[in-house]
Amino acid sequence: ELDDAFTKVAGVHRLRKGGIASDVVLRGYQGANLNLLVDGVKVQGACPGHMDPPAFHADLAEIDRVEIVPGPFDVKNAGSLGGLVNLVGKRPAAGLGVTANLATGSFSYANPSVTVHGGDARFSFLGGLSYRTSKPFATGNGQRFTEITNYRTAELGSDAYRVGTGWARAAFSPTESQTIQAAYTRQEADHVLYPYLQMDAIYDDTDRGSLDWTMESAAGALHAVRAQAYATRVKHYMTDDLRTSSVGMARSYSMATMARTSTEGGRIEAEVGSVTFGVEAARREWDASNVMAGMSYKAQAVIPGVRSDSVGAYVATRLNLTSSVRLEGGLRVDRFSTDADADKANTNLYWAYAGTRSLSVRDTLPSGYGRVVAEIGSWLEASAGVGSTVRPPDAQERYYAAQKKGTDWVGNPSLSPTRATGLHLSLGTRATRVAVTLAGYWDELRDYVTLYDQRRINMVSGVMNAKARSYANVDAAMRGFELTASTPLGSRLFLAANAAWVRGTQSARPLAGIRSRDLAEIPPLSSRVALRWDSGRVFLEGEGVFAASQDKVNTDVQEARTPGYGVANLRAGGHFKGLSLAVALNNVANRQYFDHLSYQRDPYRSGVRVPEPGRSLTINLGAKY
């Protein structure tokens, strides 16, 4: 799974909500604070409760590699506040080939997939199919995750998820210097359980398409011109049909949400000498409607048809100042606009809690960075960079509107954009036998968007609650480090380790009820150590994964402390000609433990913490022709 691939990188964590569809967390940044793309395409989740984060809408079998750019050092894409994660898809190749995989394992897990490619230097194609399903995993104490919250007895052993994905890509080269690529992916996810939340996905369907054109030149100052256009659609429906909360209700559920989102955009850029110029534009439309038995099943436009537009221009360069010193830098300016549908928006809630009925915002915001990379002698590389970038509040943070018994949940139309300004340093060895990299960072976050309880400030007919969960701007900071190291212990034995730590703090605003100085959902100190024996054909690997306790928690949103843990994993495998076999035994000691990020503070939270899986076995058989 993509979830497992991400978490092996120092500084990258996942926020688990069930058996699949975890959020990616990079250096403490997640959600709208992190830019996640698939082949440069902006893919957004439709669920206000983050059931379907962007990475969920791609299948591991269609991905070739993952590009990670941490920090405010990406000027080619709007909104990369905490960094950029780009899932790069597999490309068509010349010659006919077939790759088939079958993964199976504990909890009735099954994931067959097949990819076919063919063509020649002028025309080539690639296509694939993947299907994933599993029962609810059992935790270290033998309890299924459906047993930790309010699932009906008949649903305790139902499928945890069923996800089918199909993709196709074609490449055509009309000349030696030009390539045109068209790609399309369709994903259908049914019956996905989320014990983290109060509802489960009945379906979550995604369409993703893109068209790319590249022209490269070997002569003159113009090296390349690239253009891309794309469109994505997500349609998502969730209810609590499978929960005890729906028992005895007038309908088969006590709550349900229909959510849709779409994104269209594109870019064109030119590489002239060592300088790249580009223009990027995107439009996202997001709409979600919720009904609850407690509100007499009255439909509420919780995301009231919000349209978010962005247009940005950028320039980036890499200059070799000397044979051992390189300068990198970039500048960008964006025009952001956000508009909610006046016919759908519940402006009474905004007036009651935020003192405004505004449904439209315009922001023009600059970004930029500079970095120096130096080779010190023949064995050391050092870099130092300063960057500043921004992201506007999203539709949920500004315009969410849900009346509930006890406490409403309301966006804040007056939120300001968040700006991250960071200093990042790194030092890495280039020795032949020992590789060590140490990176440190300090990000100052102006107008960071945080959750808090907002008191009602205006009396409005029909708004009965005295408070609402809402969003506010605070000044905050993220600081931390990452360490990675590897060395051979012999001709076939290798040792690798990494560690990561991040501390997130915020300025208190006691008069507003923001008293905690700790940011919520910040991972604790974590590390991995792996010893691998590899003959080139057969490998054996033992791994230890460790996390310290996390007591720096946000008490304003009732975040709980989490004990530390240590687990052991074993892997073995080999390949012969076109066949491969890999076996993984995770959590060998069957430990019962929680990742700190198992706490949910978004809408529809169930209030339970989801433990990590207990001992589990996975077998992957592959064949290539």
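**Buried polar residues, nonpolar cores and an internal cavity**

Asp-39 is buried, with a relative accessible area of 16%. The model is a predicted one. Asp-39 sits in the loop between strand S3 (35-38) and strand S4 (41-42). Its phi is near 55°, a positive value in a residue other than glycine. Most residues other than glycine have a negative phi. Tyr-297 also has a phi near 55°, again positive in a residue other than glycine. This tyrosine belongs to the loop between strand S15 (275-292) and strand S16 (300-320). Because its relative accessibility is 13%, Tyr-297 counts as buried.

The backbone oxygen of Asp-39 is reached by the side chain of Gln-228 at 3.1 Å. Gln-228 is part of strand S13 (residues 222-239). A relative accessible area of 10% is under 20%, so Gln-228 is buried. Its side chain also makes a polar contact of 3.1 Å with the side chain of Asp-212. Beyond residues up to four places away in sequence, Gln-228 touches Asp-39, Gly-40 and Val-41. Leu-211 and Asp-212 are touched by Gln-228 as well. Gly-265, Gly-266 and Arg-267 complete the contacts of Gln-228.

Asp-39 recurs at an internal space. The search of the whole structure finds six cavities of 30 Å³ or more. The second largest cavity holds about 140 Å³ of space. Its lining comprises 16 residues. Those nearest the centre are Asp-39, Arg-169, Ala-183, Thr-185 and Arg-208. At least two lining residues come from each of strand S10 (161-172), strand S11 (178-192) and strand S12 (200-216). By residue class, the lining of this cavity has seven nonpolar, four polar and five charged members.

Nonpolar packing was examined next. In soluble globular proteins, nonpolar side chains tend to be buried together. The largest nonpolar core contains 64 residues, of which Met-51 and Ile-303 touch the most other members. Helix H2 (residues 347-354) gives the most to this core, contributing four residues. A second, separate core has 16 residues, including Phe-6, Val-38, Val-41 and Ala-282. Val-41 of this second core is also among the residues touched by Gln-228. With residues up to four places away in sequence left out, Ile-303 is in contact with Pro-48, Trp-286, Asp-287 and Ala-288. Ala-395, Gln-396 and Tyr-400 are further contacts of Ile-303.

Two serines in strands are also buried. Ser-470 lies in strand S24 (residues 467-488). Its relative accessible area is 3%, and the residue is therefore buried. A polar atom of the Ser-470 side chain lies 2.8 Å from the backbone oxygen of Val-410. Val-410 is also one of the residues that Ser-470 touches outside the four places on either side in sequence. The others are Gly-411, Asn-412, Thr-450, Leu-451, Tyr-452 and Gln-454. The C-alpha atoms of Ser-470 and Asp-453 are separated by 6.0 Å, although these residues are 17 apart along the chain.

Ser-616 is located in strand S30 (residues 616-624). Its relative accessibility is 11%, so Ser-616 counts as buried. Neighbours within four places in sequence aside, Ser-616 is in contact with Ser-106 and Phe-107. Ala-584, Leu-585 and Asn-586 are also in contact with Ser-616.

How values were computed. Residues numbered from 1 in each chain as written. Predicted model: local features only at pLDDT ≥ 70, side-chain atom pairs only at ≥ 80, totals over all residues. Heavy atoms only, no water. Buried < 20%, exposed > 50% of the residue type's maximum accessible area, 1.4 Å probe, protein only. Polar contact = N/O pair within 3.5 Å; in protein donor to acceptor, adjacent residues only side chain to side chain. Contact = heavy atoms within 4.5 Å. Core = buried A, V, L, I, M, F, W, Y, C linked by side-chain atoms within 4.5 Å. 1 Å grid on protein atoms, 1.4 Å probe; cavity = no way out; pocket = protein on both sides within 12 Å on 5 of 7 lines; lining within 4 Å. Points joined across faces, edges and corners; volume = space filled by probe spheres on them. Nonpolar A, V, L, I, M, F, W, Y, C, P; charged D, E, K, R; others polar.
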